[in-house]
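Here's a chance to ask how the labels on a model get earned. Take a look, and then we'll go through them one by one.

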Number of protein chains: 2
Amino acid sequence: MGGDHGPPVTVPAGVDMLAKYPHLRLILVGEEEALLPELAQLSYDKTRLVLHHASQRVEMDESPSQALRSKKDSSMRVAINLVKEETAQACVSAGNTGALMATARFVLKTLPGIDRPAIISTFPTINPKRNVRMLDLGANVDSSAEHLVQFAVMGSVLASAIDHIENPKVYLLNIGEEDIKGNEQVKQTAQLLSQSKSINYAGYIEGDAIYHGEADVVVCDGFVGNVALKTSEGVVLFIAKLIKQAFKRNLICKLIGLMAKPVLTPFVSRVEPARYNGATFIGLQGIVIKSHGGASRPAFAHAIEEAILGVENNVPNRIRHEVEQLVKSSLPPPHSE
Amino acid sequence: MGGDHGPPVTVPAGVDMLAKYPHLRLILVGEEEALLPELAQLSYDKTRLVLHHASQRVEMDESPSQALRSKKDSSMRVAINLVKEETAQACVSAGNTGALMATARFVLKTLPGIDRPAIISTFPTINPKRNVRMLDLGANVDSSAEHLVQFAVMGSVLASAIDHIENPKVYLLNIGEEDIKGNEQVKQTAQLLSQSKSINYAGYIEGDAIYHGEADVVVCDGFVGNVALKTSEGVVLFIAKLIKQAFKRNLICKLIGLMAKPVLTPFVSRVEPARYNGATFIGLQGIVIKSHGGASRPAFAHAIEEAILGVENNVPNRIRHEVEQLVKSSLPPPHSE
């Protein structure tokens, strides 16, 4: 029900993925009177789609605590309950991020040894064959060194499980590559990660190098990661706007623009935020994927694909296993909050 | 002497600015044997250029404490000494950022009421008539609310003194626009700024909105600001590379590229980091401008222009005055470290 567009985008995107993945089964959770008219316009395999009515919805500006307290029959809450009771294997939502995270954490709980779930997503790099996973993108502020180590473990698992990278290179986001740079948490994290046997820790990385294609995983606090993500989106949209303005100036520019468009599009579209839509709430006992609120039909479909990959590659159990190894190893055990 | 290129870039850039600003007088500080051959190739008004020999140079990878201790006759240290003794009105350097900041702080000291100097620079926005000043870009990590308030005062002074904006709109960088979002320092800063009479505080801003042209000043901790700056530069270079690749694919693409270039360049060059080169070390009893180490001749010239603007508009004294007002007002006085 959530996001800027709601069912007119989420329902057709789901039906698209039903057609693409023959083993996929979908449960649409939300208000029947909003979902049925959308479904009526589409043709799909009715044996693999179930409608599950939920009478409430969480508004985009609602506070997480309010949503938790008073929206017990919201589409979001019901969908996460279905994951909890193992009726569903994953939940995908374009709704209120804070409410979704609070609900997911409350209902599903974190994995043993994980204090805080994080938000992880994919960024493109200059190397067309290599994307980078970055976390945390905004679930946590003031992350301690122990939290950042847990993020490193989870990011590393996701990169090896989903992107099939052996021994993923994990970097720590910092404001310089020298040892003396950075804040206390980052310096402590670097020390802990250097001692770890299970993580392939490769050192500090600066903001510009996220896009250089060296790193498989970049770890940072959620405040910093969210700023990096949003700033990047801002620059992409800014440049897209400048290019459009340039090709609109007069008739000759328009003609050149018409010729340039098919040349530029396949290249420049690699940085379109929509292509990387679908952030994983990682560290939970269950799979929850958050789509951008403004996602288009193909972008929301991509978020559903992230959920499918998470299920097929058994991400939560792999993290559980990796954290057990970590606790057994020389690293200090993660603190509980 | 510093930067990736040293005198072959800094000397001609200085000479360019001598020609452009008839009242400018330059003191070139560094090793005579490196500076003289560069000068020999150029024609300039010899009455307005002085060479000041300094026998050492700070290496780009030297630690700030080492530079402070053992490089007392470095070009950097001597240039800042000249500002201290009022022989020079400003110092411009492309050298080691950490060493330059440590030296500037040690020699010049901060202004009364300012605990920590900050790095402030200009970002372009979608509005071609409006740039935004952002600080801190990496001088400080773990900034307290009091430090962030001081940054807000200094940014506001710079925007009104140099960009001639009346009552500049000051925003606080955060990971959401709602009151509940953010870390403790940001929430406390918002409270302090809302109470301030001298600062036109406009609320929270997210990373993407830095480029929307609403804000005149964006305030953040140096870790966060440095990540935002570097990430933005990374995205700009990434997209520039994609565009170049697209126009190189085959002969037809090359031809279209040749036509598109003059259309795109005047627009897209607005986001080139070189155009905004020259960050001010703000909060010191003197003007110090840091150029990007890799700056080209026109980019380094731009950094010199920032210094000229700082001198002409009397920035340090205006900050001194504004901080005195702040202390007199209802705000809690800034703590000293």
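Q: Why is Phe238(B) called buried?
A: This is a predicted model, and in it Phe238(B) has a relative accessible area of 2%. Buried means under 20%, so Phe238(B) gets the label.

Q: What makes the pair of Tyr211(A) and Phe238(B) tilted?
A: Check the centres, then the angle. The ring centres are 5.9 Å apart, and a pair needs them within 6.5 Å, so this counts as a pair. The planes sit at 35°; under 30 degrees would be stacked and over 60 edge-to-face, so tilted is what's left. Over all chains the count comes to 4 aromatic pairs.

Q: Where do the two partners of that pair sit?
A: They're on either side of a chain crossing: Tyr211(A) is in the loop between strand E7 (200-205) and strand E8 (217-219) of chain A, while Phe238(B) is in helix H8 (residues 222-246) of chain B. Phe123(A) joins Tyr211(A) and Phe238(B) in one aromatic cluster.

Q: Is Tyr211(A) buried or exposed, and how do you know?
A: Buried: its relative accessibility is 4%, and the cut-off is under 20%.

Q: How do you know which symmetry relates chain A and chain B?
A: Superposing chain A on chain B takes a rotation of 180° with 0.0 Å of shift along the axis, at an RMSD of 0.0 Å. That's the relation of a two-fold axis. Both copies use the same surface, too, as 100% of the contact residues of chain A recur in chain B.

Q: Why is helix H4 of chain A described as largely enclosed?
A: Because 8 of its 10 residues (75-84) are buried. Among them are Met76(A), Val78(A), Ile80(A) and Leu82(A). The buried residues pack against several elements of chain A, including strand E1 (26-30), helix H3 (64-70), helix H5 (97-108) and strand E10 (287-290).

Q: What makes Glu86(A) worth a second look?
A: Glu86(A) has a positive phi of about 65° although it isn't a glycine. You'll find Glu86(A) just after H4(A), in the loop between H4 and E3 of chain A. With a relative accessible area of 70%, against a threshold of over 50%, Glu86(A) is exposed.

Q: Which label does Asn167(A) earn, buried or exposed, and why?
A: Exposed, because 54% relative accessibility clears the over 50% mark. Asn167(A) is another non-glycine with a positive phi, about 55°, and its place is the loop between H6 and strand E6 (169-173) of chain A.

Q: Why is Arg57(B) called partly exposed?
A: Its relative accessible area is 32%. Buried needs under 20% and exposed over 50%, so Arg57(B) lands in between. Arg57(B) is in the loop between strand E2 (49-53) and helix H3 (64-70) of chain B. Its contacts further than four places away in sequence include Met1(B), Glu31(B) and Glu62(B).

Q: What is the omega of the peptide bond between Leu135(A) and Asp136(A)?
A: It's about 0°, and the bond is cis. A cis bond also joins Leu135(B) and Asp136(B), with omega about 0°. Asp136(A) lies in the loop between strand E5 (132-135) and helix H6 (145-161) of chain A.

Q: What makes Leu258(A) exposed?
A: Its relative accessibility is 63%, and exposed means over 50%. Leu258(A) is in helix H9 (residues 251-268) of chain A, and with Leu251(A) and Leu255(A) it forms a nonpolar surface patch of about 350 Å² accessible area together.

Technical notes
Residues are numbered from 1 along each chain as its sequence is written. Chains are lettered from A and ligands numbered from 1 in the order in which they are written. This is a predicted model: local features need pLDDT of at least 70, side-chain atom pairs count only at pLDDT 80 or more; totals for chains, interfaces and linings use all residues. Side-chain values use heavy atoms; hydrogens and water are left out. Patches are made of residues with over 30% relative accessible area and no salt bridge: like charges are joined within 9 Å, nonpolar side chains (Val, Leu, Ile, Met, Phe, Trp, Tyr) within 5 Å. Accessible areas come from the Shrake-Rupley method with a 1.4 Å probe; for residues, only the protein chains shown count as cover. A salt bridge is a side-chain nitrogen of Lys or Arg within 4 Å of a carboxyl oxygen of Asp or Glu. Helices (H or I, at least four residues) and strands (E, at least two) are DSSP runs, numbered from the N terminus. Buried means under 20% relative accessible area, exposed over 50%, partly exposed in between (1.4 Å probe, protein chains only). Copies are superposed by least squares on the C-alpha atoms of residues with pLDDT of at least 70 in both. Contact means heavy atoms within 4.5 Å. Rings of Phe, Tyr and Trp (its six-membered ring) pair if their centres lie within 6.5 Å; planes under 30 degrees apart count as stacked, over 60 as edge-to-face and the rest as tilted.
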